[in-house]
Amino acid sequence: MATATFPKKPADHINAKPVEYAPHDLEVKSYLPEIFRGVGVSMKHFFENTREIVRGKLPDPVLDRYDDGITTISYPEQKRPYPERFRGVHRLTTRTDGSMRCVACLCCSTACPAQCIYIEAGEYPPGDKRRGYEKYPVKFVVDELRCIFCGYCVEACPCDAIRMDTGMHAVPYDSRDQFIYDRDLLLSFEGRDGSHVTANARHEPGDPTHPGLTREHSH
Amino acid sequence: MEPLDVELEEGELELPAEPMHLNMGPSHPAMHGTVRTVVELSGETVVKADVQIGYLHRGFEKMCERGTWAQVFPYVDRLNYVSPMLNNVGWALAVEKMCGIAVPERGQWYRMALGELARIADHLTCTGAIAMELGAFTPFLWWVKAREMIWDVLEEETGARLTHAFGRIGGMASPPTPGFKGLCRATLEKVEQILVEGEKLLLRNRIFIDRLENVGPISAADAIALGWTGPCLRACGVAYDVRKSHPYLKYDEVDFEVPVGTNGDTLDRFLVRLGEIRQSKRIIEQTLDRMPDEGPVSCDDPRVMLPAKSDVYSTIEGTIQHFKLVMEGAKVPAGECYSYTEGGNGELGFYMVSDGSGTPYRVRIRPPCFQIVGGLSKLVEGRLLSDIVPTFGSLNMIGGECDH
Ligand code: SF4
Ligand code: SF4
C-alpha cells in the first residue's frame with residue numbers, strides 16, 4: 001500500500017516573481033486619461049447591455065451564462081436548475097410495493113454531525129412477513145433547521161433508504177415546528193425523476209422479487 | 001470686540017484635547033467579519049488601535065473532540081468560509097498523514113484543481129472588497145460575479161456552493177463529474193476576462209493607488225516575527241509558499257510562480273493576490289491536462305474508506321465494515337502530528353493528537369489570519385483613521401478561522 005510522503009522536499013527553485021506596479025509617470029499622475037479609460041470600460045458595458053435590451057435579445061441567464069451582457073436571473077420566475085449532485089431536502093425511499101425501505105438501523109443519525117435525525121425503532125406487527133427479519137422506524141424525524149445539508153446521512157445509510165435528491169432547497173416557513181419533517185412527509189417526497197425507487201438491488205421481504213425466505217422458513 | 005478670525009500662530013490656541021476613543025465594529029460596514037477595533041484618535045490620527053477578536057468564536061477545537069475524524073469536515077468548511085475547499089483538503093491531508101495513507105493520482109489532481117478554484121474565489125473576494133471599501137463598487141460587483149461562476153463549478157462537483165463537506169479521509173466524496181474539465185476551462189477563461197476588466201479600472205487609477213501605496217507597510221523581519229504567512233508575507237518580499245517550500249499533493253510537478261512584493265504595503269498585498277489568481281489559473285490548467293479521466297479518486301484502504309455501496313447492499317462483509325466505520329469512525333493510529341497546507345491566507349496548520357480511537361483526542365488549528373490580525377495595530381498606529389479600512393481589508397481577516 002502506498003504511504004503518504006508529505007511534505008515533499010522543497011522545490012529547487014522557488015520561482016519568485018516581483019509584482020508589477022503602475023508607473024509613476026505623468027499619465028498616471030495627471031489622472032485625466034485614466035478617468036476616460038475607466039468611464040470607457042463602464043460605458044462599453046452600459047451600451048452593450050442597453051443594446052441587448054433594445055433589441056430584445058437578452059442572453060439566456062442559464063444557458064448563456066458566460067456571455068457578455070446582463071445575465072441576471074429573475075428569481076423566482078426563472079430558476080437555475082440545480083446540479084445533479086445538489087443536496088436538497090431529504091426523502092425516505094420506498095420499495096417497489098410502496099413500503100418504506102428504512103430498517104431503523106440508526107446509521108444516519110449516528111453519522112449526522114448536527115444530530116438532527118431522531119429515530120424510534122419498532123417491530124413489525126405479528127403476522128407481518130418482515131417481523132423478526134427487520135425493524136422499521138416508528139418515528140423518523142429530520143429537523144431541517146439544524147441540518148447542515150452535509151449529506152453524511154445519505155452516505156451512511158446501508159439500505160439507500162434516505163436520499164437528498166429531491167432537488168428542493170429548504171423552504172422558508174413561518175414557524176419552527178414546520179421545519180420538523182416527520183416520517184410520512186419524508187416518505188411522500190419524490191426524487192427529482194419523480195420516482196420513489198432506489199438503486200438498492202437487495203430483494204427484501206415485501207418486494208415481489210423476494211424469494212420468500214423468512215426466519216422460520218430458512219432452515 | 002476682537003475679530004474672531006484673528007490669525008493665530010500654530011500652538012498658540014491650545015484647546016484642552018484628550019484623545020478620543022472610537023469603536024470600529026464589531027459590526028461595521030468596512031470591517032468585514034465581526035471584529036472590534038477600539039481606536040484612540042488624536043484628530044484623525046490613530047494613536048492606538050486595540051484589535052479585539054473573538055466575536056465569531058464557536059469552540060471549533062472542542063467541537064472536533066465530539067465526533068469522528070470524518071465529522072470534522074463540515075466544521076472546517078466553516079473556518080475560512082471564503083475558500084472552504086482548501087480547508088477540506090488541508091484537513092484530509094492532515095488525517096491521512098496520521099494514518100500514513102496516500103490518495104491515488106487522480107484524487108490528488110482533483111484536490112488540487114478544486115483547491116485552486118477556491119483560492120481564486122478567496123482572492124477575488126478579498127481584492128474586490130478592498131476596492132469596494134475605497135469606493136470602487138464596479139470591480140467588486142464584477143469580481144463577485146466571477147466568484148459566483150467558480151462557486152457554480154464547485155456546486156456542480158460537490159453539491160453545495162459553500163458548505164461542501166466534500167473531502168473524505170483517504171480521498172474525495174465522489175469522482176469528478178464528466179463535464180468537469182470543460183466547465184472548469186470555460187469558467188477560468190471567463191474569470192480571467194472579468195479580472196482583467198476590473199484591473200483596467202483600478203491599477204492605473206491614481207486615487208486608488210494613493211489610497212493603498214505606502215499605507216500599512218511592514219518590514220519582512222517584522223512580518224516573520226509576527227508569524228505572518230501567505231500573501232501578506234509574500235507582499236513583504238519573502239517568497240515563502242507552502243506549495244513551493246514544502247510541496248504536498250502534486251504541487252512539485254506543476255510550474256507556477258510565486259508573486260512577491262517589495263514594500264509590504266497594502267498595494268503590494270493587493271497586487272500579490274491578483275498575481276496569485278493568475279498563478280492559480282495556471283496551476284488548474286496544468287492540473288486539468290494531467291488529471292486522468294479514469295481511475296479512483298479515493299484510496300481503497302478499508303480502515304478509513306466506506307466500502308462500495310453495492311457491497312454494502314449485498315454482502316455481509318461490506319455491511320459489517322460499513323457499520324464499523326459509521327458507528328465507531330475510522331480509527332486513527334495513536335500519536336500526534338502537525339500538518340500544514342497553503343490556505344487562502346497563508347499556512348493553514350492542523351496539530352492533532354490521537355489516542356487511537358475514532359474520535360480526535362485534541363485538535364488544534366493554526367489559522368493564518370490569527371497571526372496576521374495580530375499585526376494590525378502595528379500597521380495602523382500613527383496613520384489616519386481612513387487608512388484602517390484598506391489595511392484591514394488587505395489582511396483579509398476571516399472571523400471563522402481567526403476565532404478558533
Ligand atoms: S445532511 Fe447532514 S446534517 Fe442533515 S440530516 Fe443528513 S447528516 Fe444530518
Ligand atoms: S435511513 Fe438508512 S441509515 Fe437511517 S435508520 Fe433508516 S436504514 Fe438506517
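Which residue in β8(B) is the bridge partner of Thr341(B)? The legends below describe close-up views of a predicted model, and the first of them gives the reply.

**View 1. Three strands of chain B, β7(B), β8(B) and β9(B), are joined by antiparallel pairing.** The bridge partner of Thr341(B) is Leu348(B), which belongs to β8(B). Strand β7 covers residues 335–342 of chain B and strand β8 covers residues 347–354; 8 bridges hold them in the antiparallel sense. The two strands form a hairpin with 4 residues between them. In the turn of this hairpin, Gly346(B) has a positive phi of about 140 degrees. Strand β8(B) is also joined by 5 bridges to strand β9 (residues 362–366) of chain B, and this pair runs antiparallel as well. Here Phe350(B) has Ile365(B) in β9(B) as its bridge partner. Strands of a sheet pair through backbone hydrogen bonds, in either a parallel or an antiparallel manner.

**View 2. An open sheet in chain A is built from 3 strands.** The order of the strands is β3-β4-β6, and their pairing is antiparallel. Strands β3 (117–123) and β6 (180–181) of chain A stand at the edges; each has a single partner strand, so one side of each is left without a neighbour in the sheet. Between β3(A) and β4 (residues 135–143) of chain A there are 7 bridges. One pair to locate is Glu123(A) with its bridge partner in β4(A), Lys135(A).

**View 3. Chain A and chain B meet in a contact that includes a pair of parallel strands.** The contact takes 43 residues from chain A and 55 residues from chain B. On the side of chain B that touches chain A, the residues divide into 24 nonpolar, 17 polar and 14 charged. Strand β1 (residues 16–18) of chain A is joined by 3 bridges to strand β6 (residues 258–260) of chain B, and these strands run parallel. Within this pair, Ala16(A) stands opposite Val258(B) in β6(B).

**View 4. The surroundings of ligand 2 consist of 13 residues.** Those that come nearest are Cys102(A), Cys105(A), Cys107(A), Cys108(A) and Cys157(A). By class, the shell has 13 nonpolar residues, with no polar and no charged residues.

**View 5. The largest nonpolar core contains residues of both chain A and chain B.** The core has 147 residues, and those that touch the most other members are Cys108(A), Cys153(A), Val95(B), Ala113(B), Leu117(B), Ile150(B) and Val373(B). Helix α4 (residues 105–133) of chain B supplies the largest share of this core, 14 residues. With neighbours within four places in sequence left aside, Val373(B) is in contact with Val51(B), Ile53(B), Leu395(B), Met397(B) and Cys402(B). In soluble globular proteins, nonpolar side chains tend to be buried together.

**View 6. Chain A is divided into two domains, domain 1 (24–80) and domain 2 (91–188).** Their C-alpha centres lie 47 Å apart. Chain A has 5 helices and 6 strands, which follow the order β-α-α-β-α-β-β-α-β-β-α from the N terminus on. Of the 219 residues in chain A, 22% are buried. Among contacts in this chain between residues at least 6 apart in sequence, 65% join residues at least 24 apart.

**View 7. Two loops of chain A contain backbone features of note: a cis peptide bond and a positive phi in a residue other than glycine.** The cis peptide bond joins Tyr75(A) and Pro76(A), with omega about 5 degrees. Pro76(A) is found in the loop between α2 (32–55) and β2 (91–92) of chain A. The positive phi, near 50 degrees, belongs to Gln115(A), which lies in the loop between α3 (107–111) and β3 of chain A. Gln115(A) counts as partly exposed because 13 C-beta neighbours lie inside 10 Å. Most residues other than glycine have a negative phi, and most peptide bonds are trans.

**View 8. Two loop residues of chain B, Gln71(B) and Asn214(B), are set side by side for burial.** Gln71(B) is found in the loop between α1 (60–64) and α2 (73–77) of chain B. With 23 C-beta neighbours inside 10 Å, Gln71(B) counts as buried. From Gln71(B) to Pro84(B) the C-alpha separation is 15 Å, and the two are 13 residues apart in sequence. Asn214(B) lies in the loop between α7 (206–212) and α8 (220–226) of chain B. This residue is exposed, with 12 other C-beta atoms within 10 Å. Asn214(B) has a positive phi of about 60 degrees although it is not a glycine.

Key: Residues are numbered from 1 along each chain as its sequence is written. Chains are lettered from A and ligands numbered from 1 in the order in which they are written. This is a predicted model: local features need pLDDT of at least 70, side-chain atom pairs count only at pLDDT 80 or more; totals for chains, interfaces and linings use all residues. A residue is buried if 20 or more other C-beta atoms lie within 10 Å of its own, exposed if 12 or fewer, and partly exposed in between; C-beta atoms are placed from the backbone. Two strands pair if DSSP finds at least two bridges between them. A residue is near a molecule or strand if its C-beta atom, placed from the backbone, lies within 6 Å of it. Ala, Val, Leu, Ile, Met, Phe, Trp, Tyr, Cys and Pro count as nonpolar, Asp, Glu, Lys and Arg as charged, and the others, Gly among them, as polar. Two residues are in contact if their C-beta atoms, placed from the backbone, lie within 7 Å. A nonpolar core is a set of buried Ala, Val, Leu, Ile, Met, Phe, Trp, Tyr and Cys residues joined through C-beta atoms within 7 Å. Domain bounds come from an automatic or database domain assignment.
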